[in-house]
Amino acid sequence: MQKIQIKRTYDPTSSDDGYRVLVDRLWPRGLSHEKFHYDLWEKALSPSTELREWFHEDPTKRWDEFVDRYKKELESNPDFETFKEKIADQPIVTLLYSSKDRDHNNAVVMEEELE
C-alpha cells in the first residue's frame with residue numbers, strides 16, 4: 001500500500017521521504033536549486049494563479065471554498081491522472097509545499113485527493 005505524506009520544503013530531508021514531489025507553482029524562496037532535493041516538480045498541478053491569489057487574500061475565511069475549487073481544478077486537469085500513474089509504483093510519496101500554514105495549503109488537499 002502506498003503512503004502519501006506532506007512536508008514543508010524548508011523541513012530537513014529524511015530517508016523516510018521516499019519520492020519527493022514539489023507541488024507549488026513558485027520556487028520556494030531562499031532555497032537553492034542545487035541543494036534542495038526533489039524528484040519531480042509538478043507546477044501544473046498547483047492551484048491556478050487566480051485561485052492561489054484569491055485564497056491568500058483571506059485564508060482563514062476562504063479555506064473551505066479553496067478546497068472545493070482546488071479539487072475541481074485537480075479533477076479537470078488531465079495532468080493529475082498522468083501524475084497518479086507516475087507515482088503509482090512509489091511506496092512513499094512526499095508532497096512538498098512552501099506555505100507557513102501546515103494545515104491549510106494545497107498539499108493537504110492533494111494528499112486527500114490521492115488517498
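Phe80, Phe83, Lys84 and Ile87 in α3 meet Met110, Glu113 and Leu114 in α4. By type, the residues of this contact of α3 with α4 divide into 5 nonpolar, no polar and 2 charged. Keep in mind that the model is predicted.

Now look at the geometry of that contact. Two packed helices are described by the angle between their axes and the distance between the axes. For α3 and α4, the angle is about 70 degrees and the axes lie 12 Å apart. The range from 65 to 115 degrees counts as roughly perpendicular, so α3 is roughly perpendicular to α4.

Stay with α4, which spans residues 106–114. Helix α4 is mostly covered, with 7 of its 9 residues buried. The buried residues are Asn106, Ala107, Val108, Val109, Met110, Glu111 and Leu114. Met110 and Leu114 have already appeared in the contact with α3. What covers the buried residues of α4? The cover includes β1, α2, α3 and β4, the last of these at residues 92–97.

Val109 shows this on the scale of one residue. Val109 is found in helix α4. Its relative accessibility is 1%, and buried means under 20%, so Val109 counts as buried. Leaving aside neighbours within four places in sequence, Val109 is in contact with Trp63, Phe66, Val67, Tyr70 and Lys71. Each of these five partners is also listed as buried in α2. Arg52 gives a sense of distance. Val109 and Arg52 are 57 residues apart in sequence, and their C-alpha atoms are 13 Å apart in space.

Cross over to α2. This helix runs through residues 59–75 and bends by about 40 degrees at Glu65. Its buried residues are Trp63, Phe66, Val67, Tyr70, Lys71 and Leu74. There is a general background to such spacing. An α-helix has 3.6 residues a turn, so residues three or four places apart point the same way. Which elements cover the buried residues of α2? They include α1 (49–57), α3 (78–87) and α4 (106–114). The cover also runs the other way, since α2 is among the elements over the buried residues of α4.

Next comes β1, another element that helps cover α4. Arg8 is found in this strand, which covers residues 3–8. Is Arg8 buried or exposed? Its relative accessibility is 16%, so Arg8 counts as buried. Beyond its neighbours within four places in sequence, Arg8 is in contact with Tyr97, Ser98, Ser99, Lys100 and Arg102. Tyr97 lies in β4, at residues 92–97. The C-alpha atoms of Arg8 and Pro28 are separated by 9.9 Å, with their positions 20 residues apart along the chain.

The loop between β2 and β3 brings in aromatic residues. A search of the whole structure finds 8 aromatic pairs. One of them joins Trp27 and Tyr38. Their arrangement is edge-to-face, at 5.5 Å centre to centre and 65 degrees between the planes. Both residues sit in the loop between β2 (19–22) and β3 (40–41), 11 residues apart. Trp27 counts as buried because its relative accessibility is 19%. Tyr38 is partly exposed, with a relative accessible area of 27%. The two rings also belong to a cluster: ring pairs link Trp27, Phe36, Tyr38 and Trp41.

Two charged residues are placed in this loop as well. The first to consider is Arg25, in the loop between β2 and β3. Its relative accessibility is 29%, so Arg25 counts as partly exposed. Not counting residues up to four places away in sequence, Arg25 touches Trp41, Lys43, Ser46, Pro47, Ser48 and Thr49. Trp41 is thus a link to the aromatic cluster. Arg25 and Glu85 are 60 residues apart along the chain, and their C-alpha atoms are separated by 21 Å.

Asp39 is the other residue, again in the loop between β2 and β3. How accessible is Asp39? At 35% relative accessibility, Asp39 counts as partly exposed. With residues up to four places away in sequence left out, Asp39 touches Gly18, Tyr19 and Arg20. The C-alpha atoms of Asp39 and Asn106 are separated by 18 Å, and the two residues are 67 apart along the chain. Asn106 brings the tour back to α4, where Asn106 is buried.

Terms used: Residues numbered from 1 in each chain as written. Predicted model: local features only at pLDDT ≥ 70, side-chain atom pairs only at ≥ 80, totals over all residues. Heavy atoms only, no water. Bend = angle between axes of the 7 residues up to and from the residue. Helix = DSSP H or I, 4+ residues; strand = E, 2+ residues; numbered from the N terminus. Buried < 20%, exposed > 50% of the residue type's maximum accessible area, 1.4 Å probe, protein only. Contact = heavy atoms within 4.5 Å. Axes fitted to C-alpha atoms, helices over the stretch in contact; angles between N-to-C directions. Parallel < 35°, antiparallel > 145°, perpendicular 65-115°, else oblique. Nonpolar A, V, L, I, M, F, W, Y, C, P; charged D, E, K, R; others polar. Phe/Tyr/Trp six-rings, centres within 6.5 Å; stacked < 30°, edge-to-face > 60°.
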